[in-house]
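Reader: Could we go through the charged side-chain pairs and one of the helices in turn, with the reasoning laid out at each step?

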Amino acid sequence: MMNDKIKESIKSKKSHGWDLNLYRNKKKGYLGGVCAGLADHFDVDAWVVRLFTFGGFLFLGSFVVIAYIALWWFLDVRPKGEDGYEYEYDERQQSYRPKKMFKYADSANSRLRRAKEKLDNVTRRVTEMERHVTSKKFDLDREFSKIRD
């Protein structure tokens, strides 16, 4: 009974990408899609992960092979018909992006600091526009434009 619950829990976590959007990518992968899936997850090119895997194999040998096989077994293939990502809003790019493991949102202090900088910039621009509109040069330019029309 307990083993069945554990198996169901593992199967559920596996099918949902371990709640980290971590899947194998068989479309871009060569052997099992593990390196391509890790590349999708960490938002790097697949060749970079393959290079690290090969380098790890040279230095660590069979440990990397065992880890690769374990990941092949623990990671499920990305569900078809949908991209399978959870999305989060990225303030800097002002768009939604797939939620990644190590790309957490900025702290509240840094977001407030950035908002204050934007507000200060807008305030400075409005002040410059007010200064221009209330200047004698603006009045003179407006009178000349009336004469031309």
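Author: A salt bridge is taken here as a side-chain nitrogen of Lys or Arg within 4 Å of a carboxyl oxygen of Asp or Glu. The model is a predicted one.

Reader: How many salt bridges does the count come to by this rule?
Author: Side chains of opposite charge can pair when their charged atoms come close. With the cut-off applied to nitrogen and oxygen atoms within 4 Å, the count of salt bridges comes to five.

Reader: How far apart are the closest N and O atoms of Asp 139 and Arg 142?
Author: Asp 139 and Arg 142 both belong to helix 6, which covers residues 136-148, and they sit three residues apart, about one turn of the helix. An α-helix has 3.6 residues a turn, so residues three or four places apart point the same way. Asp 139 is partly exposed at 28% relative accessibility, and Arg 142 is likewise partly exposed at 38%. Their salt bridge has its closest N and O atoms apart by 3.2 Å.

Reader: Which residue forms a salt bridge with Glu 143?
Author: Glu 143 is partly exposed, with a relative accessibility of 40%, whereas its partner counts as exposed at 52%. The two lie three residues apart in helix 6, a separation of about one helical turn. The closest N and O atoms are 3.8 Å apart, and the residue that pairs with Glu 143 is Lys 146.

Reader: In which helix do Arg 124 and Glu 128 both lie?
Author: The side chains of Arg 124 and Glu 128 meet in a salt bridge, with an N to O distance of 3.2 Å. Arg 124 is partly exposed at 42% relative accessible area, and Glu 128 is partly exposed at 40%. The two residues are four residues apart, about one turn, and the element that holds both is helix 5, residues 108-133.

Reader: How far apart are the end C-alpha atoms of helix 3, and what span should its 15 residues have?
Author: Helix 3 runs over residues 46-60, and at 1.5 Å a residue its 15 residues should span 21 Å. The distance between its end C-alpha atoms agrees with that expectation, being 20 Å.

Reader: Against which helices do the buried residues of helix 3 pack?
Author: Buried means under 20% relative accessible area, and the residues of helix 3 that are buried are Ala 46, Val 49, Gly 55 and Gly 56. After helix 3 comes Gly 61, whose phi is positive, near 65 degrees. The buried residues of helix 3 pack against helix 2 (34-42) and helix 4 (62-74).

Definitions and conventions
Residues are numbered from 1 along each chain as its sequence is written. This is a predicted model: local features need pLDDT of at least 70, side-chain atom pairs count only at pLDDT 80 or more; totals for chains, interfaces and linings use all residues. Side-chain values use heavy atoms; hydrogens and water are left out. Buried means under 20% relative accessible area, exposed over 50%, partly exposed in between (1.4 Å probe, protein chains only). The expected span of a helix is 1.5 Å times one less than its number of residues. Contact means heavy atoms within 4.5 Å.
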